[in-house]
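Welcome! Please take a moment to look over the sequence and the 3D structure before reading on. The briefing below then walks through some places worth finding for yourself.

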Amino acid sequence: ILLNEYWHAELDVNASYSGTCITPRTGFTTDFMTRAAKFKDPDVIIVNGGTNDYLKGKKGDGVVTPEKFKAAYEALLSALQKNYPKAQIIMVVCDFVKGDYGDISVATAGKFGVPCVDLRADTKSIGKVYGDKTNPHPNAVGKAFIAEKIYNQTKSIVDAIKK
């Protein structure tokens, strides 16, 4: 929706993968850092992560603590800026990224000078859009809402890239 209806752009690589975390975990090869190495020559990189980190951290497994999440997020943004210096990075913080994890996401975006679309406080996100307050995956209405929100908050940035 974002690419086709708003930006009228071409997808370079869809590096999303179900259930992955920003925080690397032993035995998993689908973390954000590993997948970021597969990008070709992006103009825009959207990082929409933290939900799985928060959900795993909430279980208290000790693997995805807020401290480890922060370090991993900073390492990811540092690597993206180093490896893709021409790309505009945009962070999206969904409403399921709660507590320290959401705060860390927003603060990290600020630290790295990256625009951040923060959906945590948007009352339209939970319930009406997702339909199920326990499911972090949006339905079609939710996807359209999120695309519009990202577009509205990044329009001037993406328009400048297109010129």
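## The largest pocket and beyond

The largest pocket has a lining of 49 residues, and those nearest its centre are Asn14, Ala15, Ser16, Ile46 and Asn48. Two or more lining residues come from each of these elements: α1, α2, β1 (44-48), α3 (51-58), α4 (66-83) and α7 (140-162). Keep in mind that this is a predicted model.

**More on the pocket**

- The space in the largest pocket comes to about 1700 Å³.
- Helix α7 gives the most to the lining of this pocket, with 7 residues.
- Sorted by class, the lining of the largest pocket has 30 nonpolar residues, 12 polar ones and 7 charged ones.

**The largest cavity**

- Now for the enclosed space: the count comes to 1 cavity of 30 Å³ or more.
- The largest cavity holds about 30 Å³ of space.
- You can trace the lining of the largest cavity through Thr20, Cys21, Thr23, Arg25, Phe28, Thr30 and Asp31.
- By class, the lining of the largest cavity divides into 2 nonpolar, 3 polar and 2 charged residues.

**The strands**

- Strands β1 and β2 run parallel and are joined by 5 bridges.
- To find this pairing in the model, start at valine 44, whose bridge partner in β2 is glutamine 88.
- Next, look at isoleucine 45, which stands opposite isoleucine 89 in β2.
- Strand β1 has two faces: Ile45 and Val47 make up the covered one, while Val44, Ile46 and Asn48 make up the uncovered one.
- Ile46 and Asn48, from that uncovered face, are also among the residues nearest the centre of the largest pocket.
- Strand β2 also pairs with β3 (residues 116-118); these two run parallel and share 3 bridges.
- One place to see the second pairing is valine 93, whose bridge partner in β3 is aspartate 118.
- Because 5 of its 6 residues are buried, β2 is largely enclosed by the rest of the structure.

**Helix α4**

- Helix α4 has 18 residues and reaches 25 Å from its first C-alpha to its last, which is close to the 26 Å expected at 1.5 Å a residue.
- Its buried residues are Pro66, Phe69, Ala72, Tyr73, Glu74, Leu76, Leu77, Ala79 and Leu80.
- Those buried residues of α4 pack against α2, β1, α3, β2 (88-93) and α5 (99-111).

**Two buried residues**

- Is aspartate 53, a residue of helix α3, buried or exposed? Its relative accessible area is 0%, so aspartate 53 is buried.
- Leaving aside neighbours within four places in sequence, aspartate 53 is in contact with Cys21, Ile22, Thr23, Val64, Phe69 and Tyr101.
- Two of these contacts, Cys21 and Thr23, also appear in the lining of the largest cavity.
- Valine 114 is found in the loop between α5 and β3.
- With a relative accessible area of 8%, valine 114 falls under the 20% cut-off, and therefore it counts as buried.
- Not counting residues up to four places away in sequence, valine 114 touches Gln81, Ile89, Ile90, Met91 and Ala109.
- Valine 114 and valine 64 are 50 residues apart in sequence, and their C-alpha atoms are 23 Å apart in space.

**Two residues with more accessible surface area to look up**

- Histidine 8 lies in the loop between α1 (2-7) and α2 (32-36).
- Its relative accessibility is 62%, so histidine 8 counts as exposed.
- The phi of histidine 8 is near 50 degrees, a positive value in a residue other than glycine. Most residues other than glycine have a negative phi.
- Isoleucine 161 has its place in helix α7.
- Isoleucine 161 has 32% relative accessibility, so it counts as partly exposed.
- Leaving out residues up to four places away in sequence, isoleucine 161 touches Asp43, Val44 and Gln88.
- Val44 and Gln88, which isoleucine 161 touches, are themselves bridge partners.
- Isoleucine 161 and alanine 87 are 74 residues apart in sequence, yet 9.1 Å apart in space, C-alpha to C-alpha.

Methods. Residues numbered from 1 in each chain as written. Predicted model: local features only at pLDDT ≥ 70, side-chain atom pairs only at ≥ 80, totals over all residues. Heavy atoms only, no water. Helix = DSSP H or I, 4+ residues; strand = E, 2+ residues; numbered from the N terminus. Buried < 20%, exposed > 50% of the residue type's maximum accessible area, 1.4 Å probe, protein only. 1 Å grid on protein atoms, 1.4 Å probe; cavity = no way out; pocket = protein on both sides within 12 Å on 5 of 7 lines; lining within 4 Å. Points joined across faces, edges and corners; volume = space filled by probe spheres on them. Nonpolar A, V, L, I, M, F, W, Y, C, P; charged D, E, K, R; others polar. Expected span 1.5 Å × (residues − 1). Contact = heavy atoms within 4.5 Å. Pairing = 2+ DSSP bridges.
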